[in-house]
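Subject: Handing over a structure

Dear colleague,

I am passing on the structure below, together with an account of what was found in it. Please keep it open while you read.

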Amino acid sequence: MLSQQEISDRFEIQDLVYRYADVIDQRRFDELENIFSDDAHIDYSAVGGPVGDKQSTIAFLKKALPNFKCYQHLNANVQITVNGDTATGRVMCFNPQEIATGKDKSQLFMLGLWYLDKYVRTKNGWRMQERVEQMSWHFNAPDFMSFNKKS
């Protein structure tokens, strides 16, 4: 049986996962300061993005995501394992996106991926200490995405 503390921890971490998606989808990137820990490691390389710390990731998102007309991060199958003041998670993400491809033209594509997360309890609550994207599948993805590049 789960303890009250573990139930609370799981709900708090699940809320953190959903807040991340909401912050990204509403383009409020500065709020990621309160999602990631100060020593966070973020790896978006599975979809052609960078690997970096919290500040470089926020800067990347501010520069890259305005190129997308719209997108949505739908999270499900949130699997969380709590171990005291740390936790791990595996989160499914369905990510439809639309990107401009020219004047009055755009391309709709979809990604299915997993977030492999590490969380840490801080004095300000749970934070993501690591987020690594793992590709599951893609549909109609633009050529610039890393999994479309031939070696």
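Helices, such as the H1 mentioned below, are DSSP runs of at least four residues, and they are numbered from the N terminus. Please bear in mind throughout that this is a predicted model.

To begin with the chain as a whole, it has two helices and seven strands, and from the N terminus on these elements follow the order α-β-β-α-β-β-β-β-β. The radius of gyration of the chain is 16 Å, close to the 15 Å that the globule rule gives for 151 residues, so the chain is as compact as a globular protein of that length. Along its principal axes the C-alpha trace spans about 55 × 30 × 30 Å. Of the 151 residues in the chain, 39% are buried, while the area that the chain exposes comes to about 8600 Å², with carbon and sulfur atoms supplying 50% of it. Among the contacts with a separation of 6 or more, 55% are made by residues that lie 24 or more positions apart.

Helix H1 covers residues 4–25, and at 1.5 Å a residue its 22 residues should span 32 Å, which agrees with the 32 Å that separates its end C-alpha atoms. Which residues of H1 are buried? They are Asp9, Ile13, Leu16, Val17, Tyr20, Ala21, Val23 and Ile24. After H1 comes arginine 27, whose phi is positive, near 60°.

The next part concerns strand E5 and its partners. Strand E3, residues 68–71, pairs with E5 in the antiparallel sense over three bridges, and here phenylalanine 68 stands opposite isoleucine 99 in E5. Strand E4, residues 74–83, also runs antiparallel to E5 and is joined to it by eight bridges; asparagine 75 stands opposite cysteine 93 in E5. The hairpin of E4 and E5 has two residues between the strands, and glycine 84 takes a positive phi there, near 70°. How many bridges join E5 to strand E6, residues 105–122? There are 16 bridges between these two strands, which run antiparallel, and one of the pairings sets phenylalanine 94 against its bridge partner in E6, glycine 112. E5 and E6 likewise form a hairpin with two residues between them, and aspartate 104 in that turn has a positive phi of about 60°.

Two residues may help you to find your way around these strands. Glutamate 98 has its place in strand E5, which covers residues 86–102, and its side chain makes a polar contact of 2.5 Å with the side chain of serine 106. Not counting residues up to four places away in sequence, glutamate 98 touches Phe68, Lys69, Cys70, Ser106, Gln107 and Leu108.

Cysteine 70 lies in strand E3, and because its relative accessibility is 36%, it counts as partly exposed. Leaving aside neighbours within four places in sequence, cysteine 70 is in contact with Arg27, Gln97 and Glu98, so that arginine 27, the residue with positive phi that follows H1, appears here again. Cysteine 70 and glycine 84 are 14 residues apart along the chain, and their C-alpha atoms are separated by 38 Å.

With best wishes

Note on methods. Residues numbered from 1 in each chain as written. Predicted model: local features only at pLDDT ≥ 70, side-chain atom pairs only at ≥ 80, totals over all residues. Heavy atoms only, no water. Expected span 1.5 Å × (residues − 1). Buried < 20%, exposed > 50% of the residue type's maximum accessible area, 1.4 Å probe, protein only. Polar contact = N/O pair within 3.5 Å; in protein donor to acceptor, adjacent residues only side chain to side chain. Contact = heavy atoms within 4.5 Å. Rg over C-alpha atoms; globule rule 2.2 N^0.38 Å. Areas by Shrake-Rupley, 256 points an atom, 1.4 Å probe, with all protein chains shown as cover. Pairing = 2+ DSSP bridges.
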